[in-house]
Amino acid sequence: MTRGRLHHVELWVPDLARAERSWGWLLSTLGYTEHQRWSAGVSWILDGTYVVVEQSPAQGAGPHDRLAPGLNHLAFHGGTRGEVDRLVEEAAAHGWALLFSDKHPYAGGPDHYAAYLENGDGYEVEVVAD
């Protein structure tokens, strides 16, 4: 593996089944495949990098707040503009809401075609067109 390349991201979630529905759909749509599964979590992998969602018993109280210090969002390559548009069209059925709809798809600036989505647990993703 390449030194410095991201190995994995682990997200602690309050409801594993809900997270699996939203994250599983998103990651599968982006080309990830299921990698690992255990009673408290599941992961998906693409090109050696994986994303974990886990409902850990060690998790603190309170919901995820993307506006607080810490993780704001994860950004993914989304393919063509058409592929990003199709993902946005399907997102609501899988627990994701479009953020910044008044500026979509240029919420990141006039030269940045992307969708910003938030799931029911408050996690934000940015899906960027090539």
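**Stop 1: the aromatic pairs**

Start with the aromatic rings of this predicted model: five aromatic pairs turn up when ring centres are compared with a cut-off of 6.5 Å. Select Trp23 and Trp96 and look at their six-membered rings. How far apart are the ring centres, and at what angle do the planes meet? The centres are 5.2 Å apart and the planes stand at 85 degrees, so this pair is edge-to-face. An angle over 60 degrees is what earns that label.

Now colour the helices and strands to see where the two partners sit. Trp23 belongs to helix 1, whereas Trp96 belongs to strand 6 (residues 96-98), so the pair ties together parts that are 73 residues apart in sequence.

Try showing the surface next. Are these two tryptophans buried or exposed? Trp23 has a relative accessibility of 1%, so it counts as buried. Trp96, at 2%, counts as buried too, because the cut-off for that word is under 20%.

Keep Trp23 selected and add Tyr123. Their ring centres lie 6.2 Å apart with planes at 70 degrees, so this pair is edge-to-face as well. Here Trp23 in helix 1 meets a residue in the loop between strand 7 (114-119) and strand 8 (124-129), and the two partners are 100 residues apart. Tyr123 counts as buried because its relative accessibility is 6%. Show Trp23, Trp96 and Tyr123 together and you have one aromatic cluster.

**Stop 2: helix 1**

Trp23 has already brought you to helix 1, so select residues 16-29. Use the distance tool on the C-alpha atoms at the two ends of the helix: they are 19 Å apart. Why does that agree with what a helix of 14 residues should give? At 1.5 Å a residue, the expected span is 20 Å, so the two values agree.

Next, colour the buried residues of this helix. They are Leu16, Ala19, Ser22, Trp23, Gly24, Trp25, Leu26 and Leu27. As you turn the helix, keep one rule in mind: an α-helix has 3.6 residues a turn, so residues three or four places apart point the same way.

Then visit the two ends. At the N-terminal end, select Asp15, which caps the helix: one of its side-chain oxygens lies 3.2 Å from the backbone nitrogen of Ala17. After the helix, select Gly31, where phi is positive, near 105 degrees.

**Stop 3: the pockets**

Time to look for empty space. Rolling a probe the size of a water molecule over the atoms shows where such space is left.

The largest pocket has a volume of about 280 Å³. Its lining has 14 residues, and the closest to its centre are Leu6, Tyr32, Thr49, Ala75 and Phe76. Which strand gives the most to this lining? Strand 5 does, with four residues. Select strand 5 (73-79) along with strand 4 (49-54), since each of them supplies at least two lining residues. Sorted by character, the lining has 10 nonpolar residues, two polar and two charged.

Pause at Thr49, which is part of strand 4. Its relative accessibility is 13%, so Thr49 counts as buried. Add Val9 to the selection: Thr49 and Val9 are 40 residues apart in sequence, and their C-alpha atoms are 8.2 Å apart in space.

Move on to the second largest pocket, which holds about 160 Å³ of space. Select its lining: Glu10, Leu11, Trp12, Pro14, Gln59, Gly60, Gly62, Pro63, His64 and Tyr123. You will recognise Tyr123 from the aromatic cluster. This lining divides into five nonpolar, four polar and one charged.

**Stop 4: backbone details in the loops**

Finish with the backbone. Select Asp47 in the loop between strand 3 (41-46) and strand 4. Its phi is near 50 degrees, a positive value in a residue other than glycine. Is Asp47 buried or exposed? Its relative accessibility is 63%, so Asp47 counts as exposed.

Now go to the loop between strand 6 and strand 7 and pick Phe100. Phe100 also has a positive phi, near 55 degrees. At 38% relative accessibility, Phe100 counts as partly exposed.

Your last stop is Pro105, in the loop between strand 6 and strand 7. Zoom in on the bond that joins His104 and Pro105: it is a cis peptide bond, with omega about 5 degrees.

Methods:
Residues numbered from 1 in each chain as written. Predicted model: local features only at pLDDT ≥ 70, side-chain atom pairs only at ≥ 80, totals over all residues. Heavy atoms only, no water. 1 Å grid on protein atoms, 1.4 Å probe; cavity = no way out; pocket = protein on both sides within 12 Å on 5 of 7 lines; lining within 4 Å. Points joined across faces, edges and corners; volume = space filled by probe spheres on them. Nonpolar A, V, L, I, M, F, W, Y, C, P; charged D, E, K, R; others polar. Expected span 1.5 Å × (residues − 1). Buried < 20%, exposed > 50% of the residue type's maximum accessible area, 1.4 Å probe, protein only. Polar contact = N/O pair within 3.5 Å; in protein donor to acceptor, adjacent residues only side chain to side chain. Phe/Tyr/Trp six-rings, centres within 6.5 Å; stacked < 30°, edge-to-face > 60°.
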